[in-house]
Amino acid sequence: LRDYQQANIKYLSGWNQWKRTSSKSWRKVLKDIKESLSYLQLWRHDIHSIEGKFGTGIQSYFSFLRFLVLLNFLIFILMFGFVTFPTVISKYGIFNSSFAKISPKNTDSLCTVYTPSGNKGLVYFYTYLKDLLTGTGFLETTSLFYGYYEIDAALLRGVRYNFPLAYLLTTFAYLALSLVWIIKRSVSGFKQSLVHDEDQFQSYCNKVFAGWDFCITDLNAARLKHRSLQYELQTDLEEERIKRKIADRTMKEKLRIYSLRIFLNIIVLAVLLGCFYSIYKATAFSQEKSNVSIRRDLRTDSINNTDFQTNLLVQYLPSMVITLANFVAPQIFSILIRFEDYSPAFEIKLTLLRCVFVRLANIGVLLFSLWSQIHCANDNCKACGYNYELYPCWESAVGQEMYKLLIFDFMIILAVTLFMDFPRMLLVTHCSWKLVQWCGLQEFGISDNVLEIIYGQTICWIGTFFSPLLPAIATIKYFIIFYVKKISLIHTRKPPGRPIRASSSNFFFLVVLLIGLVLAFIPLGISIAHIPSSKACGPFRNFNTSWAVVPHTILEFPTGLQMVLNGIASEAFAVPFFMVVCLIMFYFIALAGAHKRVVEQLREQLVMVRFDPLSFL
């Protein structure tokens, strides 16, 4: 083959030979640069060590955690560079900068009153601790929350920086960055999942002849991998048995199992409604009591230890109820799924989907309960369009709830590791009781841990608009969680007895993360386009909604450019564009179907070649 390639090169022209040589040299340079940069990769040695000891399944979780650290760090750079930094330098006059602040016009004076619950006079230590945990007090007036950003324009050496527009576009930018990066990483996982989508015979051959993970160097991990392959083969046989059992069911058996599934799904629906109602009532109670407490603190300028404990519990009540729902509901689902008589693979997928729905829907219910109080329909909302008495700066209030959820989730993760995993490890190690040894160490659940951090990431995506520095907190949180989970994996937990393949797990993690991002679009879209913006704080106080800054900015463009943009936004452009996109989509769907048929034909030919090699000569 090499002689054939050299013979072909001789017949190429000088220009083509130079292009070929340059292309090879450039590819080699890029490969060397890529290899050099890989040594600078975050946690490279730690992740390779985990992969070698515990296999690629657990390694995929830590790689996914590293991805979220980098993603949140980039989001923080975006928000700090285009939102926080211009505000800080213009407020303090750094680099000869200044700012413009325009008071809202044609607005009731009651709507512009905002007195943050800052600390005054002698302040006790536990008051600072409460403020740090709840985002109130001294934190409410910092750049962490939306209410701090009150400038309308930053002026730097004569250049005008449209801050409200920059705030909105930066929000769209971090959402677009997250979407593009997740899709880009999902493509490789999707390709691998297509490769593994084979018939049973090929699946059996791959498991027997190519299923071993040669990255494993630890004896216990090797035994685990051996049991994993054995379990996969047993699972395949079990699924084939269940398929045959389903095919042999009588009409009476089908009616019984379908009736049982309907009944169990009604129970699942009742559990979900119970969780949602509890979160709704807890949020309403917490907001009502918190506002009463804030008014009392403003009158007295002091707080005693008992009030501190009560206020902290009241303000964290929604977070505690959500955490309890996230713990109880999956336990109920795992019990009910055993009676629904599904295949093992579908049983795992359905349970995970229910758990994902519970975690993400709980955030939605929390926001809905907040919005129902913010965007009310009584007389309190007529003057400003929102409940200005309870929420003079409602964006900061939503940011505080997201901040508390993120902090409480982090505290729960640390508490489970310190006060549950470590004592259990000590009992198993030093106690010889049969019951203790039968319980053993808890397994390191890959899917559960992934859902845990996806839940936190969805909170971060939603909360960044209301708390621009929240990605920095999320970055620090996931950075610490990496080491906590690593220590927990090595010392306090055992690898899962039923590990999942790394390729399928990576793709599943990203799909669930994509679902969380899409669900984050909904509350952000409602907040930006539907709910009136606060008139007492924030960069959008001069606009009816946050989105109103876009048409206001377009009106400042030249007439020709306005006509082009209005034409793009009109139905005359949208309908043909939608039709063209649909045609392109149908073309690629048909192309994918044709490729799938070709692949199936090639597989059939390979089978035929195996039995009759001379037929293709």
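Asn449, Glu452, Ile453, Gly456, Gln457, Ile459, Cys460 and Gly463 of helix 15 pack against Leu470, Pro471, Ala474, Lys477, Tyr478 and Lys485 of helix 16. This is a predicted model, and this pair of helices is a good place to start reading it. The residues of the contact between helix 15 and helix 16 divide into 7 nonpolar, 4 polar and 3 charged. Two packed helices are described by the angle between their axes and the distance between the axes. Here the axes of helix 15 and helix 16 come within 10 Å and cross at roughly 170 degrees. That angle is over 145 degrees, which makes helix 15 roughly antiparallel to helix 16.

Let us stay with helix 15 for a moment. At 1.5 Å a residue, its 18 residues should span 26 Å, and the end C-alpha atoms of helix 15 are indeed 26 Å apart, so the two values agree. Is helix 15 mostly covered or mostly open? Helix 15 is mostly covered, with 17 of its 18 residues buried.

Helix 13 is another partner of helix 15. Helix 13 takes in residues 394-430 and helix 15 residues 446-463; their axes come within 9 Å and cross at roughly 160 degrees. Helix 13 is therefore roughly antiparallel to helix 15. The crossing of these two helices, helix 13 and helix 15, is left-handed. If you want to find the contact on your screen, select Met402, Leu405, Leu406, Asp409 and Ile413 on helix 13, then Glu452, Tyr455, Gly456, Ile459, Ile462 and Gly463 on helix 15. Sorted by class, the contact of helix 13 with helix 15 holds 7 nonpolar, 2 polar and 2 charged residues.

What about helix 13 and helix 16? Helix 16 covers residues 470-492, and its axis and that of helix 13 come within 11 Å, crossing at roughly 10 degrees. An angle under 35 degrees counts as roughly parallel, so helix 13 and helix 16 are roughly parallel to each other. On the helix 13 side, the residues in this contact include Met402, Leu406, Asp409 and Ile413, along with Phe410, Thr417 and Met425. On the helix 16 side, Leu470, Ala474, Lys477 and Lys485 are among them, as are Ile480, Val484 and His491. By class, the contact of helix 13 with helix 16 has 16 nonpolar, 4 polar and 4 charged residues.

From these helices we can step across to leucine 367, which sits in helix 12, residues 344-374. Leaving out residues up to four places away in sequence, leucine 367 touches Val398, Met402, Ile462 and Pro523. Met402 and Ile462 also appear in the contact between helix 13 and helix 15. Is leucine 367 buried or exposed? Leucine 367 has a relative accessible area of 1%, so it is buried. The C-alpha atom of leucine 367 is 9.1 Å from that of threonine 283, although the two residues are 84 residues apart along the chain.

Next, follow the chain to isoleucine 528 in helix 17. Isoleucine 528 has a relative accessible area of 6%, so this residue is buried as well. Not counting neighbours within four places in sequence, isoleucine 528 is in contact with Leu168, Thr171, Phe172, Phe465, Thr545, Ser546 and Trp547. One of these, threonine 545, is 17 residues apart from isoleucine 528 along the chain, with their C-alpha atoms separated by 6.4 Å.

Threonine 545 itself lies in the loop between helix 17 (502-529) and helix 18 (549-554). Threonine 545 is in a loop, yet it is buried, with a relative accessible area of 11%. Apart from residues up to four places away in sequence, threonine 545 touches Ile528, Ala529, His530, Ile531, Pro532 and Ser533.

For a contrast, look at threonine 115, placed in the loop between strand 1 (97-100) and helix 5 (125-134). Its relative accessible area of 56% makes threonine 115 exposed. The C-alpha atoms of threonine 115 and threonine 141 are separated by 9.8 Å, with their positions 26 residues apart along the chain.

Finally, zoom out to the whole protein chain. The chain contains 20 helices and 5 strands. Of its 617 residues, 42% are buried. Among the contacts in the chain with a separation of 6 or more, 77% join residues 24 or more positions apart.

Notes
Residues are numbered from 1 along each chain as its sequence is written. This is a predicted model: local features need pLDDT of at least 70, side-chain atom pairs count only at pLDDT 80 or more; totals for chains, interfaces and linings use all residues. Side-chain values use heavy atoms; hydrogens and water are left out. Axes are lines fitted to C-alpha atoms, for helices over the stretch in contact, and angles run from 0 to 180 degrees between N-to-C directions. Helices (H or I, at least four residues) and strands (E, at least two) are DSSP runs, numbered from the N terminus. Angles under 35 degrees count as roughly parallel, over 145 as roughly antiparallel, 65 to 115 as roughly perpendicular and the rest as oblique. A crossing is left-handed if the near helix is turned anticlockwise from the far one by less than a right angle, and right-handed if clockwise. Contact means heavy atoms within 4.5 Å. Ala, Val, Leu, Ile, Met, Phe, Trp, Tyr, Cys and Pro count as nonpolar, Asp, Glu, Lys and Arg as charged, and the others, Gly among them, as polar. Buried means under 20% relative accessible area, exposed over 50%, partly exposed in between (1.4 Å probe, protein chains only). The expected span of a helix is 1.5 Å times one less than its number of residues.
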